[in-house]
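This report concerns charged side chains and their pairings. Please keep the sequence and the structure in view while reading.

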Amino acid sequence: HIHLGYYTEEERAAGWWKADFKAAKLRFTQEMFKFSGSQAPKRILDVGCGFGGSSRWLAAQFPEAEVVGEGLGVRRRD
């Protein structure tokens, strides 16, 4: 999440380095979730969660789900 971003065609054409990186990181998480095909998950495992940005967003989107973030030396449950 912290190292990756999803940039629109317009952003890439204008120069991705000029785009809002925080917005691109959120779009990356949204696109990866869309790619998963899940609609209403009950359990979510975020492997390599880092500081948990994606895990926290997923927990907010799916409050009924158990969200577990696993990282190096980090284990977080929201």
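## Salt bridges in the predicted model

A salt bridge is taken here as a side-chain nitrogen of Lys or Arg lying within 4 Å of a carboxyl oxygen of Asp or Glu. The model is predicted, and a search of the whole structure returns four salt bridges. Among them are the pairs Arg12 and Glu9, Glu11 and Arg27, and Glu31 and Lys34, which are taken in turn below.

## A pair in helix H1

The side chains of Arg12 and Glu9 are joined by a salt bridge, with an N to O distance of 2.3 Å. Both residues belong to helix H1, and because they are three residues apart there, about one helical turn separates them.

Arg12 has a relative accessible area of 43% and is therefore classed as partly exposed, whereas Glu9, with a relative accessible area of 55%, is classed as exposed.

## A pair between helices H1 and H2

Glu11, which lies in helix H1 (residues 9–14), forms a salt bridge with Arg27, and the closest N and O atoms of this pair are 2.5 Å apart. The pair links distant parts of the chain, since Glu11 is in helix H1 while Arg27 is in helix H2 (residues 21–36), 16 residues apart. Buried means under 20% relative accessible area, so Glu11, at 18% relative accessibility, counts as buried; Arg27, at 21% relative accessibility, counts as partly exposed.

Which residues is Glu11 in contact with, leaving aside its neighbours within four places in sequence? They are Tyr6, Trp16, Ala19 and Arg27, so that the salt-bridge partner Arg27 also appears in this list of contacts. A further distance concerns Ala24, which is 13 residues from Glu11 along the chain and whose C-alpha atom is separated from that of Glu11 by 9.7 Å.

## A pair in helix H2

In helix H2, the side chains of Glu31 and Lys34 meet in a salt bridge, with an N to O distance of 3.1 Å. The two residues are three residues apart in this helix, which corresponds to about one turn.

Is each partner buried, partly exposed or exposed, and what is the relative accessible area of Glu31 and of Lys34? Glu31 is partly exposed, with a relative accessible area of 23%, while Lys34 is exposed, its relative accessible area being 56%.

Terms used
Residues are numbered from 1 along each chain as its sequence is written. This is a predicted model: local features need pLDDT of at least 70, side-chain atom pairs count only at pLDDT 80 or more; totals for chains, interfaces and linings use all residues. Side-chain values use heavy atoms; hydrogens and water are left out. Helices (H or I, at least four residues) and strands (E, at least two) are DSSP runs, numbered from the N terminus. Contact means heavy atoms within 4.5 Å. Buried means under 20% relative accessible area, exposed over 50%, partly exposed in between (1.4 Å probe, protein chains only).
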